[in-house]
Amino acid sequence: MSEQATISRAEAARRLREKRKAEGLCPICGLPVDSSERIVCSECTERISEQGRLRRMQRREKGLCLRCGGVVEDADRVNCRRCRSAYNTQMKAWFANKKKIKEISTI
Ligand SMILES: [Zn+2]
Ligand SMILES: [Zn+2]
């Protein structure tokens, strides 16, 4: 309600985004970024672009994978198995990398 509270909330959000960026995480969703040339992950890049939003909407309507537009094998999922396993690999690589950084920094 007070101005002070508004500022600190915005500041907290800004700090969180900075922290995520520094760790190689997407500042929007906080998940590992899948390309070294990007700051925002491909999912969020698509989500925030008008064209990407339209494409996702169409895929959702057709029950296709939101990531690649392929067939989703499991009815309760929004991504196909191929994309999910690719994502798992990406997550594992990120965590392995993070651990490595931590080990180096603690020496
Ligand atoms: Zn993201
Ligand atoms: Zn897919």
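Reader: How many helices and strands does the protein chain have, and what makes a stretch count as one or the other?

Author: In this predicted model the protein chain has four helices and zero strands, where helices (H or I, at least four residues) and strands (E, at least two) are DSSP runs numbered from the N terminus. Read from the N terminus on, the elements run α-α-α-α. Residues are numbered from 1 along each chain as its sequence is written, and chains are lettered from A and ligands numbered from 1 in the order in which they are written. Because the model is predicted, local features need pLDDT of at least 70 and side-chain atom pairs count only at pLDDT 80 or more, while totals for chains, interfaces and linings use all residues.

Reader: Why is the protein chain called more spread out than a compact globule?

Author: The radius of gyration is taken over C-alpha atoms, and the globule rule is 2.2 Å times the number of residues to the power 0.38. For 107 residues that rule gives 13 Å, whereas the protein chain has a radius of gyration of 17 Å, well over that value, so the chain is more spread out than a compact globule. Along its principal axes the C-alpha trace spans about 45 × 45 × 25 Å.

Reader: How do you know that helix H3 has the span expected of its residues?

Author: The expected span is 1.5 Å times one less than the number of residues. For the 13 residues of H3 (residues 50-62) this should be 18 Å, and the end C-alpha atoms are 19 Å apart, which agrees. Just after H3, Gly-63 takes a positive phi of about 75°.

Reader: What makes H3 hardly covered?

Author: A residue is buried if 20 or more other C-beta atoms, placed from the backbone, lie within 10 Å of its own, exposed if 12 or fewer, and partly exposed in between. Among the 13 residues of H3 the count of buried residues is zero, and H3 is therefore described as hardly covered. In the protein chain, buried residues make up 11% of the 107 residues.

Reader: Why do Ser-85 and Arg-81 get the classes they have?

Author: Ser-85, placed in helix H4 (residues 81-106), has 11 other C-beta atoms within 10 Å and is therefore exposed. Arg-81, also in H4, has 14 C-beta neighbours inside 10 Å, so Arg-81 counts as partly exposed.

Reader: Which elements have the lowest and the highest mean pLDDT?

Author: On pLDDT, the predictor's confidence in each residue from 0 to 100, H4 has the lowest mean (84) and H3 the highest (94) among the elements.
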